[in-house]
Amino acid sequence: YEVDAVPSGGFLTLPQYGNVFKMNGTETINRINHTTAGRFPSGTIITLLFNDANQNVTSSAYLNLRSGYTSTAGISLTLISLGDGTWQELSRNL
């Protein structure tokens, strides 16, 4: 299920009915679904498809990435939810 998504203020809020999200814009992403009610269940896998270049995803306590991530148009980042508001990188397409 593909859904368009745009981060705001460093937060990315995604609907729980999607698993492939088309990312638009260039704002940095620091956290995904930060509210308790919006968290994805543990084991949920999502893919962020970047339509634009220069969108950063910050590796942090909430987003456990191999390293920081800066998009180019047409690439993707796949993450798995740990169920507590944190995400682990599974793969990246460069």
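Let me begin with a definition: a residue counts as buried when its relative accessible area is under 20%. Phe50, with a relative accessible area of 1%, is therefore buried. I should also say at the outset that what we are looking at is a predicted model.

Phe50 brings me to the aromatic pairs. How many does a search of the whole structure find? The search finds two. One of them joins Phe40 and Trp87 in an edge-to-face arrangement, with 5.4 Å from centre to centre and 70 degrees between the planes. Phe40 belongs to the loop between strand S4 (31-32) and strand S5 (45-50), and Trp87 to strand S10 (residues 87-93), so this pair ties together parts that lie 47 residues apart in sequence. Both Phe40 and Trp87 are buried.

The other pair is formed by Phe50 and Tyr69. Their ring centres are 5.4 Å apart and their planes stand at 40 degrees, so the pair is tilted. Here, too, distant parts of the chain are linked: Phe50 is in strand S5 and Tyr69 in strand S8 (residues 69-70), 19 residues apart. Tyr69 has a relative accessible area of 2% and is therefore buried. A further ring deserves mention, that of Tyr62: the charged end of Arg31 sits over this ring, 3.5 Å from its centre.

I turn now to the strands. S9 pairs with S5 in the antiparallel sense over five bridges, and with S10, again in the antiparallel sense, over six bridges. Leu77 illustrates both pairings. In S9, Leu77 stands opposite Leu48, while in S10 its bridge partner is Arg92. S9 is mostly covered, with five of its six residues buried. The hairpin of S9 and S10 has five residues between the strands, and within this hairpin Gly83 takes a positive phi near 85 degrees.

Let me stay with S9 for one residue, Thr78, which is found in this strand (residues 76-81). Is Thr78 buried or exposed? Its relative accessibility is 14%, and Thr78 therefore counts as buried. The side chain of Thr78 makes a polar contact of 3.2 Å with the side chain of Thr47. Beyond its neighbours within four places in sequence, Thr78 is in contact with several residues, including Ile45, Ile46 and Thr47, and also Gln88, Glu89, Leu90 and Ser91. As for Gln88, this residue is 10 residues from Thr78 along the chain, and the two C-alpha atoms are separated by 8.7 Å.

Next, the nonpolar core. As a general point, nonpolar side chains in soluble globular proteins tend to be buried together. In this model the largest nonpolar core has 20 residues, of which Leu14, Phe21, Ile32, Ile46 and Leu48 touch the most other members. Which elements give two or more residues to this core? They are strand S1 (2-5), strand S3 (20-23), S5 and S9. The largest share, three residues, comes from S5. Leu48 shows what such a position looks like in detail. Leaving aside its neighbours within four places in sequence, Leu48 is in contact with Leu12, Leu14, Phe21, Met23, Ile75, Ser76, Leu77 and Leu79.

Finally, some loop residues. Ser71 has its place in the loop between S8 and S9. With a relative accessibility of 1%, Ser71 counts as buried. Its side chain reaches the backbone oxygen of Asp52 at 2.8 Å. Apart from neighbours within four places in sequence, Ser71 is in contact with Phe50, Asp52, Ala53, Asn54 and Gln55. Phe50 thus returns here, as a contact of Ser71.

Asn54, another of these contacts, leads to a point about the backbone. Most residues other than glycine have a negative phi. The phi of Asn54, however, is positive, near 70 degrees. Asn54 is found in the loop between S5 and strand S6 (56-57), and with a relative accessible area of 52% it is exposed. Asn33 also has a positive phi, near 40 degrees. Asn33 is found in the loop between S4 and S5. Its relative accessible area is 4%, and Asn33 is therefore buried. The two asparagines thus stand on opposite sides of the classification: Asn54 is exposed, whereas Asn33 is buried.

Notes:
Residues numbered from 1 in each chain as written. Predicted model: local features only at pLDDT ≥ 70, side-chain atom pairs only at ≥ 80, totals over all residues. Heavy atoms only, no water. Helix = DSSP H or I, 4+ residues; strand = E, 2+ residues; numbered from the N terminus. Buried < 20%, exposed > 50% of the residue type's maximum accessible area, 1.4 Å probe, protein only. Contact = heavy atoms within 4.5 Å. Polar contact = N/O pair within 3.5 Å; in protein donor to acceptor, adjacent residues only side chain to side chain. Phe/Tyr/Trp six-rings, centres within 6.5 Å; stacked < 30°, edge-to-face > 60°. Lys NZ or Arg CZ within 6 Å of the ring centre and 35° of its normal. Pairing = 2+ DSSP bridges. Core = buried A, V, L, I, M, F, W, Y, C linked by side-chain atoms within 4.5 Å.
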